[in-house]
Amino acid sequence: MYGFVNYALELLVLKHFGEEIWEKIKKKAMVSMEGQFLVRQIYDDEITYNLIGAAVEILNIPADDILELFGKTFFEFCQDSGYDKILQVLGATPRDFLQNLDALHDHLGTLYPGMRAPSFRCTEKDGELLLHYYSERPGLEHIVIGIVKAVASKLHGVEVEIDIVKRKGEPIDEAEKERAIARENQQLLEDAVATTTTGSATVVLAPSSDAERNNNHNGSNGSNNNGMANNGNTVNVNNNNDGQQIASETDPSIALSTCPIAQDSFDCDGDKEQKCLRLLKNKSDDIERYDHVQFLIREINVAAKSQVDAKKDEVPDDMEFLCEAPLISPATFCKVFPFHLMFDRQMKIVQAGKAVSRVIPRVAEENCSLIEVVEAIRPHLQLNFENILSHINTIYVLQTRQGAMSSRHEQRFLRLK
């Protein structure tokens, strides 16, 4: 992660708990550095996760609460860092703001090379806003909750309630999800009986699909887990190359305690990983699972706001509409927009700009499908006409597929935004 994330976390602790506590957190997280984090320097994700895990243990605050507070602080930090104007124009409602957030991340990618930003898109469920959150870094969902609440309150003047309805890695089929949890509980019970009988160190696992997901990830990456427990609040930090998972009792996940007596969690050794793998060895890996997190967002004062929106949407009787006849010829359009692609409801390309036709000759072929030559990088959705219509104001980033470009550029890729 870029240093501005760690720096925002530092500001959070200094603001609410003081410098002495921050030094203790750094020492606990084994972060030895003088001064503040550099905003434009890239740090290992492990540093961020260890800092949060150490904060949970030292402050004796559940991880979810710290992450949510960090989300609010991070939004305020972005406002104070000169991004207040651009944040204000992203959208007049929480939905519009979140829909345009990917566009902001795409812009920031030019200022912060190598930034691996999350992706957001919105849909509706029973008339309520459903936020889809895609990230390669697990366990940070409550940061999103804190950010969205701060955005709604400070930018749009509304208060919102946010619930996590689907988690990354959960089985898509609800019946299979229940069966997987039942199998896990049975295995945990058998293992608990075995460890009690042998008198060995105990492994405690909260029955949750998150536990299954975290340990499956650890098994595939061969990561090293550091369990941390303090005053009854348990947090697990899974260290691996792709990121780490943070969880607490408020977000049921995996809790590890491998020492028969209380010890410093960072110094607690043992065969935790092997025990977890043994517990989960007979789990089915062919279950279709969600690849992202879904939040349900409700506006608390939605009744009063809906009346205001209804008045805004009223169309005057004397409204005049423009002529529906084309005001620009196809030839002129192709010259003005040399990299455009036009397609029909069957995703067949019917018109293309001169430059893109030269680089990707296939687009000029009859009945060439858009999805045959490009794939969507952002947003994370299947390219079909219905999905595009439902996200018509979203900025799309498309990349050519392997072999789609001309022979002299066959090993290169073209990105269209």
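**Exercise 1. The four-stranded sheet**

In which sense do β3 and strand β7 pair, and over how many bridges? Then place both strands in their sheet and describe what packs on it.

*Solution.* The model is predicted, so local features need pLDDT of at least 70 and side-chain atom pairs count only at pLDDT 80 or more, while totals for chains, interfaces and linings use all residues. Residues are numbered from 1 along each chain as its sequence is written, and side-chain values use heavy atoms, with hydrogens and water left out.

Step 1. β3 and strand β7 (residues 293-299) pair in the antiparallel sense over six bridges. Strands (E, at least two residues) and helices (H or I, at least four) are DSSP runs numbered from the N terminus, and two strands pair if DSSP finds at least two bridges between them. Within this pair, Ile 164 stands opposite Phe 295 of β7.

Step 2. The sheet is open and has four strands in the order β1-β2-β7-β3, with antiparallel pairing. At its edges are β1 (119-125) and β3 (160-166), each pairing on one side only. From one strand to the next the twist averages 30°.

Step 3. Helix α7 (residues 141-156) packs on this sheet and touches β1, β2 (128-134), β3 and β7. Contact here means heavy atoms within 4.5 Å. The direction of α7 makes about 155° with that of β3; axes are lines fitted to C-alpha atoms, for helices over the stretch in contact, and angles run from 0 to 180 degrees between N-to-C directions.

**Exercise 2. Strand β2 and its partners**

How many bridges join β2 to β7, and how many of the residues of β2 are buried?

*Solution.* Step 1. Five bridges link β2 with β7, and the two run antiparallel. His 132 has Gln 294 of β7 as its bridge partner.

Step 2. β2 also pairs with β1, in the antiparallel sense, over seven bridges. Thr 123 stands opposite Leu 130 of β2. The hairpin of β1 and β2 has two residues between the strands, and in it Asp 126 takes a positive phi near 55°.

Step 3. Six of the seven residues of β2 are buried, so the strand is largely enclosed by the rest of the structure. Buried means under 20% relative accessible area, exposed over 50%, and partly exposed in between (1.4 Å probe, protein chains only).

**Exercise 3. A residue of helix α7**

Is His 142 buried or exposed, and with which side chain does the side chain of His 142 make a polar contact?

*Solution.* Step 1. His 142 lies in helix α7. With a relative accessible area of 11%, His 142 is buried.

Step 2. Its side chain makes a polar contact with that of Asp 64, at 3.4 Å. A polar contact is a pair of N or O atoms within 3.5 Å; within protein, one must be able to donate a hydrogen and the other to accept it, and residues adjacent in sequence count only if both atoms are side-chain atoms.

**Exercise 4. Helices α1 and α4**

At what angle do the axes of α1 and α4 cross?

*Solution.* Step 1. The axes of helix α1 (residues 3-16) and helix α4 (residues 63-88) cross at roughly 105° and come within 9 Å.

Step 2. The two helices are therefore roughly perpendicular to each other. Angles of 65 to 115 degrees count as roughly perpendicular, under 35 as roughly parallel, over 145 as roughly antiparallel and the rest as oblique.

Step 3. Among the residues making the contact are Phe 4, Leu 11 and Lys 15 of α1 and Ile 66, Phe 70 and Glu 76 of α4.

**Exercise 5. The three-stranded sheet and a cis bond**

Which strands stand at the edges of the sheet β10-β11-β12, and which residues does the cis peptide bond join?

*Solution.* Step 1. This open sheet has antiparallel pairing. β10 (374-378) and β12 (415-416) stand at the edges, each with a single partner strand, so one side of each is left without a neighbour in the sheet.

Step 2. β10 and strand β11 (residues 397-400) run antiparallel and are joined by four bridges. Arg 378 has Val 397 of β11 as its bridge partner.

Step 3. Arg 378 and Pro 379 are joined by a cis peptide bond, with omega about -10°. Pro 379 is found in the loop between β10 and α15 (385-390).
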